Amino acid sequence: MLFTKNKIKKICKSSYFPFIVLIIAMLIIHVKTRAFNDDAFFITQYNQKGFVQYFQERYNIWTTRLIIEFIMMGILTTSFMIWRILDSLMIGLLAFVLSKMFNYEKSAINNWLIVLFMLMYNWIDMSSAGWVATTLNYNWPLTFGLLSLIAVKKIVENKKIKWYEYIIYVLAGLYASNEEQMCIILIPICIVSIIYLLYFKKKNIKDICFIFIQVMISSGLLIFMLTGPGNKLRKEYEIGACFPNYLMQTFTDKIRLGITATMSKYIATPNLVFGFISFLILILVLKKHKNMLYRWIASIPFLTVMILGFGKDIIVNIFPGFAKLTNMPVNGMSDFVNITVYNFYDLRYYIPLVLSCITLGCILISIYLIWGNSLKSFILIFIVILGFASRIALAFSPTLYVSNYRTFIFFEYSIIIVGICVLENLNSILEKSKMKIILNILILLAFLNYVNLVLTI
Amino acid sequence: MNLKANEVDKGLVNFCIFFIGVCISIFCILIFIDNQSVKSISATNLQVNNGSVQYYIDDVNIGKHTININGWAVKQGEDLKNVKTYIGLKNVENNQILMLNTEMTKRDDLNSHFNDGHNYQNGGCFAKVLKYKLKQKEKYEVCIIYQSDENNILVDTDKFVEL
């Protein structure tokens, strides 16, 4: 035995113990995963073509995600078991990073909340293009992106950054920015941080030069992405394969598609994460405000997801007209009915769009109602907007539908971040008995979702 | 008014509600305008159809407020991949073309019709135009502006619309 009984007790009491539990839980799931889809395709291509030809072709005809693909090929050509271990650790790292960023009290209970929220996420979404391909292109950039932002937080809080941390943050930023959605999240966060530090905190340029480096890295990779010949060719191919009338979509069409195709996942399907977090937001606003208008604002997202998402089948049975709001799934993705040249003059078809916008707007206003005039309000509203923008950006690509639910991860985690902060706040103001009920619901939902994962994979 | 930290500014909340409402309304109006818009284009940049584009106008339906046009167009011998096919109305007097907002429609019957191994199922097109966008008592020829797969061909259809 390496550890004595006391040492084990110490580990169990440690605030980081929840992350160890999460990693073990994820390892159990990962054991059942198999290489399929793009994973198998990439290995065959790489073995046939060799390192130089493979990456040349990838750059010239398909993608600029060369940093991600370099790591991915390293893992795929070594062993699938390596990925199982690394990805489980990566999910543990994501929990750790979320704790570093948003667990203001540094308490073990909050870390448990983070872990439970993460167990509520539908990790099956990370398998749609093959486990290795999807996680390395979505989950890892999310983790590394947030990791690189710890530097920004430390600079804002005047904390010292050790020399080796700079290397970690730069490498993390480099990897994260190689993914387009994360890149467009990181750039505005860094720019707004620079403005905040210069004008509100009166910092010197010298103190914030590291954030400038982060902006340069992300902007450089954005330019690399926009000028890469492969992305253009890929777009042409994807139009033919996935979205043949993409070129006929106008700017407003694309924005509308981005909004409805994103929000339909949260309000027109029984989405566990959104449903529970909108419930928490409602409770917190009810607790903090007596104003009826504010209470209604907070209740709209919850009522919408309960009626159109969880209660859809019952509602449609009682009120069949509601079935007209949603379309048949496109590439397995649910969507609201679209406004097209067929129906644009009929105002009924605008309901899903209006409802999507109102729901999102109510979430943003509710965040303000909870934290009022504070930096936390601003940060959380900014995070949700950026998460949402990362999904809207997909509307400018023909892969809006075919990319499936994996591209939602950034928005979903922005909502999870709000959930973590809301629950932390509830924990400090709600009576213990009531808080216990909420925690038990969270534990039950996380457990059920985990069992579902085990049964599905 | 001095606000304490974490306090809610009622005015700001009301402004946000108003702002979100205005944004949604403007966006809906933009979608409406976008869908009923007609774009005036010149025929000089378009190639004349030499028979390579096969087409058919199934239906021109003049309603109380709108005109609906339904048809299809494909280039025979080419898979239809990147669809950019618009229905237009050409003023027979001045040759001015009004390009209508057009929706691609799935036409599985086209594959069986041509039966040459190529995929034409995205060849269908549907356009709707509000009648007030057209000049009264003027004659228009229905035409197809075939820009799919980097073509740029104007197809006259010999079907006419007169209000």
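The legends below describe close-up views of a predicted model.

**View 1. A positive patch on the surface of chain A.**
Four lysines, A:K100, A:K106, A:K160 and A:K162, form this positive surface patch. One of them, A:K160, sits in the loop that runs between helix α8 (131-156) and helix α9 (163-177) of chain A. With a relative accessible area of 74%, A:K160 is classed as exposed, because the cut-off for that class is over 50%.

**View 2. An edge-to-face pair of rings, A:F51 and A:F70.**
Over all chains, a search of the whole structure finds 43 aromatic pairs. In the pair formed by A:F51 and A:F70, the ring centres are 6.0 Å apart and the planes stand at 85°, so the arrangement is edge-to-face. Because A:F51 belongs to helix α4 (residues 51-61) and A:F70 to helix α5 (residues 66-78) of chain A, the pair ties together parts that are 19 residues apart in sequence. Both rings belong to partly exposed residues, with a relative accessibility of 41% for A:F51 and 47% for A:F70.

**View 3. An aromatic cluster in chain A.**
The residues A:Y266, A:F274, A:F388, A:Y405, A:F408 and A:F411 together form one aromatic cluster.

**View 4. A nonpolar patch on the surface.**
This patch, whose residues have about 970 Å² of accessible area together, includes A:M292, A:W296, A:L303 and A:F322. Helices α15 (292-310) and α16 (312-318) of chain A each supply at least two of the patch residues, and α15(A) gives the most, with 6 residues. A:F310, which is also part of the patch, lies in helix α15 of chain A and counts as partly exposed at 37% relative accessibility.

**View 5. A salt bridge between A:K154 and A:E165.**
The whole structure, searched over all chains, contains 18 salt bridges. In the one between A:K154 and A:E165, the closest N and O atoms are 2.6 Å apart. This pair links distant parts of the chain, since A:K154 is in helix α8 and A:E165 in helix α9 of chain A, 11 residues apart. Both A:K154 and A:E165 are buried.

**View 6. Salt bridges with partly exposed partners, A:E57 with A:K49 and A:E431 with A:K434.**
Between A:E57 and A:K49, the closest N and O atoms are 2.7 Å apart, and the relative accessible area is 26% for A:E57 and 25% for A:K49. Between A:E431 and A:K434, the closest N and O atoms are 3.6 Å apart, while A:E431 is partly exposed at 36% and A:K434 is partly exposed at 45%. Elsewhere, salt bridges that share partners join A:R65, A:E179 and A:E180 into one network.

Conventions:
Residues numbered from 1 in each chain as written. Chains lettered and ligands numbered in written order. Predicted model: local features only at pLDDT ≥ 70, side-chain atom pairs only at ≥ 80, totals over all residues. Heavy atoms only, no water. Patch = residues over 30% accessible without salt bridge, like charges linked within 9 Å, V, L, I, M, F, W, Y side chains within 5 Å. Areas by Shrake-Rupley, 256 points an atom, 1.4 Å probe, with all protein chains shown as cover. Salt bridge = Lys/Arg side-chain N within 4 Å of Asp/Glu carboxyl O. Lys, Arg positive; Asp, Glu negative; His and termini not counted. Charge placed at Lys NZ, Arg CZ, Asp CG, Glu CD. Helix = DSSP H or I, 4+ residues; strand = E, 2+ residues; numbered from the N terminus. Buried < 20%, exposed > 50% of the residue type's maximum accessible area, 1.4 Å probe, protein only. Phe/Tyr/Trp six-rings, centres within 6.5 Å; stacked < 30°, edge-to-face > 60°.
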